[in-house]
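Biologist: Could you walk me through this one? I would like to hear how you reason about it.

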Amino acid sequence: MKKLFAFIAVIGMLSLGASTNVFAQDETAEQATVDTTQVAGEVAEEVVEKASPVMEEEAIESTSFHQVVKKQFIQGGAMFMSFVLLTLILGLALSIERIIYLNMSTTNTKKLFANLEDALNNGGVEAAKEVCRNTRGPIASIFYQGLDRIDEGIEVVEKSVVSYGSVQMGLLEKGLSWIGLMIGLAPMLGFMGTVIGMIDAFDSIQSMGTISPAAVAGGIKVALITTVSGLIVAMILQVFYNYCTSKIDSIVNNMEDASISLLDILVKYNMKK
């Protein structure tokens with residue numbers, strides 16, 4: 001009987017020891033899990049804290065320019081700023097139209113001369129006129145007018161080339177006067193807004209009866225915004241205007257050189273007949 005009790009006691013002690021080890025392992029695992037979760041949470045918080053200023057800076061950089069322009073436009077006064085903006089839109093539209101037209105008017109004169117001489121030698125005047133009809137640009141149009149009057153003599157051809165060259169020059173310069181008007185009008189509108197803003201500032205001083213530096217500075221700031229806007233618009237349009245004028249000068253020089261070369265070709269053609 002004593003042996004039986006001893007055996008049962010040994011089994012109970014072994015069971016208690018095993019259960020204690022299991023509980024200890026579970027507590028260790030739970031503690032390790034809690035520690036890992038805390039570390040991961042701290043790391044995530046640090047990453048979020050470091051990334052938040054970067055994201056905020058990017059958001060500020062992406063929206064700051066638009067917000068500043070919108071704020072300055074509102075502060076400058078909707079009426080005069082709208083007129084300044086309208087001059088910018090109209091000036092850009094006219095400039096883009098002129099740039100497209102002038103680029104399409106540019107002609108490869110060397111290729112045109114080669115095709116023209118080949119057509120004259122092989123097909124005569126009608127073939128040369130067909131080459132001019134199939135080539136775009138003012139130079140080809142001038143050549144066509146000269147070839148159309150070749151039977152009337154070289155002097156008549158020369159006069160027709162000069163006359164039609166003046167017509168083509170007028171077409172090239174079409175719309176430039178309106179761009180110049182927008183360049184001059186934008187700063188004038190800005191100055192007018194400034195003067196009216198100054199008048200409003202002095203009216204507010206008169207109504208208050210005392211000079212308030214804040215009121216005067218605020219009125220002057222708002223008034224000067226229109227002047228700055230008008231000057232910026234004028235500078236932008238001036239760049240496009242100068243580009244158009246330089247392009248026109250280049251095309252006109254090519255027209256004059258090509259006209260002289262055309263007369264030489266026609267003189268040689270008449271001598272061969």
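Modeller: Happily; what follows is a short round of questions and answers on a predicted model.

Biologist: Is Lys129 buried or exposed?

Modeller: Let's place the residue before judging it. Lys129 sits in helix 4, which spans residues 125–133. Buried means a relative accessible area under 20%. Lys129 has a relative accessible area of 8%, so the answer is buried.

Biologist: Which residues is Lys129 in contact with, leaving aside its neighbours within four places in sequence?

Modeller: Good one to ask next. Ser141 is twelve residues along the chain from Lys129, and their C-alpha atoms are separated by 9.6 Å. For contact, heavy atoms must lie within 4.5 Å. With the sequence neighbours within four places set aside, the contacts of Lys129 are Tyr144, Leu147 and Asp148.

Biologist: Are helix 5 and helix 6 roughly parallel or roughly antiparallel to each other?

Modeller: The angle settles that. The axes of helix 5 (residues 138–148) and helix 6 (residues 154–172) come within 8 Å and cross at roughly 150°. Angles over 145 degrees count as roughly antiparallel. The two helices are therefore roughly antiparallel.

Biologist: How many charged residues does the contact of helix 5 with helix 6 have?

Modeller: Let's look at who takes part. Helix 5 contributes Pro138, Ser141, Ile142, Gln145 and Gly146, while helix 6 brings Val157, Ser160, Val161, Tyr164, Gly165 and Gln168. Sorted by class, this contact has five nonpolar residues and six polar ones, and the number of charged residues is no more than none at all: no charged residues.

Biologist: And what is the handedness of the crossing where helix 5 passes helix 6?

Modeller: A short answer here. As helix 5 passes helix 6, the crossing is right-handed.

Biologist: Why is the pair of Phe113 and Phe143 stacked, edge-to-face or tilted?

Modeller: This is the one aromatic pair that the structure holds. Phe113, in helix 3 (residues 109–123), and Phe143, in helix 5, are 30 residues apart, and both are buried. Their ring centres are 5.4 Å apart and their planes stand at 45°, so the pair is tilted.

Key
Residues are numbered from 1 along each chain as its sequence is written. This is a predicted model: local features need pLDDT of at least 70, side-chain atom pairs count only at pLDDT 80 or more; totals for chains, interfaces and linings use all residues. Side-chain values use heavy atoms; hydrogens and water are left out. Helices (H or I, at least four residues) and strands (E, at least two) are DSSP runs, numbered from the N terminus. Buried means under 20% relative accessible area, exposed over 50%, partly exposed in between (1.4 Å probe, protein chains only). Axes are lines fitted to C-alpha atoms, for helices over the stretch in contact, and angles run from 0 to 180 degrees between N-to-C directions. Angles under 35 degrees count as roughly parallel, over 145 as roughly antiparallel, 65 to 115 as roughly perpendicular and the rest as oblique. A crossing is left-handed if the near helix is turned anticlockwise from the far one by less than a right angle, and right-handed if clockwise. Ala, Val, Leu, Ile, Met, Phe, Trp, Tyr, Cys and Pro count as nonpolar, Asp, Glu, Lys and Arg as charged, and the others, Gly among them, as polar. Rings of Phe, Tyr and Trp (its six-membered ring) pair if their centres lie within 6.5 Å; planes under 30 degrees apart count as stacked, over 60 as edge-to-face and the rest as tilted.
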